[in-house]
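Please open the model in your viewer and keep the sequence panel beside it. The tour below moves from one selection to the next and says what is found at each stop.

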Amino acid sequence: MLFRSGINSLNQPRTCEFCGGHGSIYKPCSECQGTGGKEEQQEVLISLPRGLINNCQMQVGGPVGPIIVNISVEYPEDIKLGSDGRLIKEIGIPYHIAVLGGIYPVELIEGGNISVKFPPLQELGKLIKIKNKGLYPGPNTQERGDLFLKPYISIPKPEELTPEHKTIVEQLANLYTREV
């Protein structure tokens, strides 16, 4: 198409390429570049209620309006989640506790330890229930789920053994060898 004197071949006025047909040119804002807003990172402190689950969303008030928060909950590798706030924790216990039974410390998910009395284990992998030491199953619940301990025998690394440890293990090996 050819344009002459602002009129196209169909005898209609063409749109000005400089002002877009507005008749005036404005200078875009140097902050937002004419978009009307800009993205800015701000640190916002929010309070999370207990009992939130992984992959949920929560709306909270922010400095310039509501904020949608995506919740991602990470758990230690030795913890498995059950239903209703139940947790299953694999725990390594020393050989003498597994054979004779005894008290051994267990670290809780929220921090801190409790002393747990382990019975002599006749069957490895049998779960030991600790009431009300699991998670809160929801944001509005008052009772926690239970913690289930799944014990296994923790074998020390060779470099962790003292000469006394080695002597005792060798004596135990000799005792079992004589019985066979």
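Begin with the largest pocket, and select α1 (95-100) and α2 (163-179), each of which supplies at least two residues of its lining. Helices here are DSSP runs of H or I with at least four residues, and strands are runs of E with at least two, both numbered from the N terminus. This is a predicted model, in which local features need pLDDT of at least 70 and side-chain atom pairs count only at pLDDT 80 or more, while totals for chains, interfaces and linings use all residues. Residues are numbered from 1 along each chain as its sequence is written, and side-chain values use heavy atoms, with hydrogens and water left out.

**The two pockets**

A pocket is an open set of points on a 1 Å grid over the protein atoms alone, where a 1.4 Å probe fits and protein lies on both sides within 12 Å along at least five of seven lines; its lining residues have an atom within 4 Å of a point. Stay with the largest pocket, whose lining takes its largest share, six residues, from α2. Of the 14 residues that line this pocket, select Tyr95, His96, Pro156, Leu161 and Val169, which lie nearest its centre. Its volume is about 480 Å³, where a volume is the space filled by probe spheres set on the grid points, joined across faces, edges and corners. If you colour the lining by class, you will find eleven nonpolar, three polar and no charged residues; Ala, Val, Leu, Ile, Met, Phe, Trp, Tyr, Cys and Pro count as nonpolar, Asp, Glu, Lys and Arg as charged, and the others, Gly among them, as polar.

Next, move to the second largest pocket, which holds about 330 Å³ of space. Gly51, Leu52, Tyr75, Leu135 and Tyr136 lie nearest the centre of this pocket, among the 17 residues that line it. Its lining divides into nine nonpolar, five polar and three charged residues.

**Strand β4 and its partners**

Now show the whole chain as a cartoon, where two helices and eight strands appear in the order β-β-β-β-α-β-β-β-β-α along the sequence. Select strand β4 (residues 87-93), which is largely enclosed by the rest of the structure, because five of its seven residues are buried; buried means under 20% relative accessible area, exposed over 50%, and partly exposed in between, with a 1.4 Å probe and protein chains only. Across the protein chain of 180 residues, buried residues make up 21%.

Add strand β3 (residues 79-81), which pairs with β4 in the antiparallel sense over three bridges; two strands count as paired if DSSP finds at least two bridges between them. Here leucine 81 has leucine 87 in β4 as its bridge partner. Five residues lie between the strands of this hairpin, where aspartate 84 takes a positive phi near 55 degrees. Then add β8 (147-153), which pairs with β4 in the parallel sense over seven bridges, and look for isoleucine 93, whose bridge partner in β8 is isoleucine 153.

**The loop before β8**

Which residue does the side chain of aspartate 146 reach through a backbone nitrogen? Select the loop between β7 and β8, where aspartate 146 lies, and you will see its side chain reach the backbone nitrogen of asparagine 132 at 3.0 Å. Aspartate 146 counts as buried at 11% relative accessibility, whereas asparagine 132 counts as partly exposed at 35%. Asparagine 132 belongs to the loop between β7 (128-130) and β8, and has a positive phi of about 60 degrees although it is not a glycine. Most residues other than glycine have a negative phi.

For a second example, select asparagine 55, which has a positive phi of about 65 degrees. Asparagine 55 lies in the segment before β1 (56-62) and is exposed, with a relative accessible area of 67%.

**The hairpin of β5 and β6**

Finish with strand β5 (residues 102-107), which pairs with β6 in the antiparallel sense over six bridges, and find valine 106 opposite isoleucine 114 in β6. In this hairpin, with five residues between the strands, glycine 111 takes a positive phi near 105 degrees. Show the side chains of β6 (residues 113-118): Ile114, Val116 and Phe118 point to one face and are buried, while Asn113, Ser115 and Lys117 point to the other and are not. In a regular strand the side chains alternate between the two faces of the sheet.

Technical notes
A polar contact is a pair of N or O atoms within 3.5 Å; within protein, one must be able to donate a hydrogen and the other to accept it, and residues adjacent in sequence count only if both atoms are side-chain atoms.
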